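User: Please take a close look at the internal spaces of this protein. Start with the smaller enclosed ones, then place them beside the open space.

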Amino acid sequence: MSWHLFNWQFQLCSPLHVGYHKTMHLFRTRPYVPGRQIWAALTAKLTLLLGLSDYQKVGSALEEVFRFGYLYPSLEEGYPYIPCFTKDKGLTFGWGERCLTRREFEKKFLSSTASVAIDPQSFTVEEGMLYQVEFVSPYLTTVRAGIEDYTPVYLKGVFWVCEAETSTFQVTVEDRRITMKADQGLKEIEFAEELAARLQVGGERRNGFGLLKLKLLQLVKNVDERVARDVSGLPGDWHEDKASVYITLEEDEPVWGHVLEPAKVEAKGLIEPLVSRSWDSVKGAGQKITSEGLAWAPGSLIEKKCTFEMLPHGLWKAGDP
C-alpha cells in the first residue's frame, strides 16, 4: 500500500464561513478549511456521481484511501498562511519569511455581513434576531490612486492518496491523474476534472457561501526515497508505514492540523474542544453530535520532536509506526 502526496490549490469564488464560535451577535469563522469539511464535500458529490444513495458507504471508502490536510488562505503564488504561535507576537499567520500578525491577517482576509431572521408567517423580526456572519473574503481589496484593485484569494493544502480497491471503487494514480473506477471498471471518474473541480464547503451554503474552484493539482515527487520527505513547503517531513501516513515535526515547529490527546504531546499554544455534526440514521444529515475531545489547535508549537499519524479527516495523533 503506497501513498502519494499531492498539492492542490482552489480559488475561493464566494465568501467562506467555517463555524467556530459565537461572540455576542457575531458568528466567528475558522480561517481555514478542516479536512473533515473536504471529506464531506467529496463524499456528497462522489455519491451522486456513482449513482448511489449510501453516503456512509462512500464516505467510509474515501477514508480508506485518502488523508486530507487542511486548506489555508493564500495568494496565487504565495505560501499558505498557516497559524503559528510565537513568543513575541502571539498568534501569527504564515510560515517562513512572510508572516502576518493576527490583526494584519484578519484585516487582510476576513470580513462580515449582517443578516436577520424573519418570521415566515408574519414577515416581522423579533428583537435580538439581528446577527453577523464572519467569513474569509474571496478577494483582497486595495485602493491605489483612488482605484480599487481586487486580488483573488486561494486556498492551498496537501492530501495523500493510495492505490487500493475498496468495497465501492478502485483508485489508480498515474502521474497527476487520479482515477476512481466502479461497477467492475464500467464507470470511471477522474478526480480533478469531475470530482474536485468545483466544491462547496462550510456553512451558509444556501446563501452561496463556500464555493471552491480547483486551479492546481500536482503530484509531489520525492527525489530520494531513502531520506525523509518534505511536505511541500509545510513544516515537517512525512513517511508511510503499512496503511498510514506519518508526519514528524522538530522542536518549535507548528502543527497544521488538530492534534488529539493533547496530554500526550508537549506543546504550547491553544487547546480547544472538537465537536462536529454527522449523519444520524434516524434524524438525517447533521443531526448527530460527535466529539473528538480536546485537541491542540493548528499553530501550536511542538516543544519536543514528535511523530504524528495522519487520520482520515486530517486530525493528528501522536505515535510512531
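Analyst: A cavity, as used here, is a set of grid points where a 1.4 Å probe fits but cannot get out, and a residue lines a cavity if it has an atom within 4 Å of one of those points. The model is predicted.

Two cavities reach 30 Å³ or more. Take the second largest. Its volume is about 30 Å³. Its lining consists of Tyr-70, Tyr-72, Pro-80, Lys-156, Gly-157, Val-158, Leu-234 and Trp-256. Which strand gives the most to this lining? Strand E13, which spans residues 154-162, does so with three residues. By class, six lining residues are nonpolar, one is polar and one is charged. Lys-156 is in this lining and is the charged one, because Lys counts as charged. Gly-157 is there too and is the polar one, because Gly counts as polar.

Now the largest cavity. Its volume is about 60 Å³. Leu-75, Gly-78, Tyr-79, Pro-80, Tyr-81, Gly-94, Trp-95 and Arg-98 surround the space. The class split is five nonpolar, two polar and one charged. Arg-98 is part of this lining and supplies the charge, because Arg is classed as charged. Pro-80 deserves a second look. This residue lines the largest cavity and also lines the second largest.

Next, the open space. The largest pocket holds about 1,800 Å³. Its lining has 47 residues, and Arg-36, Gln-37, Ala-40, Arg-277 and Ser-278 are the closest to its centre. Helices and strands share in the lining. Helix H1 (35-49) and helix H2 (55-65) each supply at least two residues. So do strands E2 (19-23), E17 (198-200), E24 (271-280) and E25 (284-296). H1 gives the most, with nine residues. Arg-36, Gln-37 and Ala-40, listed among the closest to the centre, fall within the range of H1, 35-49. Arg-277 and Ser-278 fall within that of E24, 271-280. By class, the pocket lining has 18 nonpolar, 18 polar and 11 charged residues.

One last stop, on the outside. Val-116, Ile-118 and Leu-130 form a nonpolar surface patch, with about 270 Å² of accessible area together. Val-116 belongs to strand E9, residues 110-116. Is Val-116 buried, partly exposed or exposed? Val-116 counts as partly exposed because its relative accessibility is 36%, and that class runs from 20% to 50%.

Note on methods. Residues are numbered from 1 along each chain as its sequence is written. This is a predicted model: local features need pLDDT of at least 70, side-chain atom pairs count only at pLDDT 80 or more; totals for chains, interfaces and linings use all residues. Side-chain values use heavy atoms; hydrogens and water are left out. Patches are made of residues with over 30% relative accessible area and no salt bridge: like charges are joined within 9 Å, nonpolar side chains (Val, Leu, Ile, Met, Phe, Trp, Tyr) within 5 Å. Accessible areas come from the Shrake-Rupley method with a 1.4 Å probe; for residues, only the protein chains shown count as cover. A salt bridge is a side-chain nitrogen of Lys or Arg within 4 Å of a carboxyl oxygen of Asp or Glu. Helices (H or I, at least four residues) and strands (E, at least two) are DSSP runs, numbered from the N terminus. Buried means under 20% relative accessible area, exposed over 50%, partly exposed in between (1.4 Å probe, protein chains only). On a 1 Å grid over the protein atoms alone, a cavity is a set of points where a 1.4 Å probe fits but cannot get out, and a pocket is an open set with protein on both sides within 12 Å along at least five of seven lines; lining residues have an atom within 4 Å of a point. Grid points are joined across faces, edges and corners, and a volume is the space filled by probe spheres set on the points.
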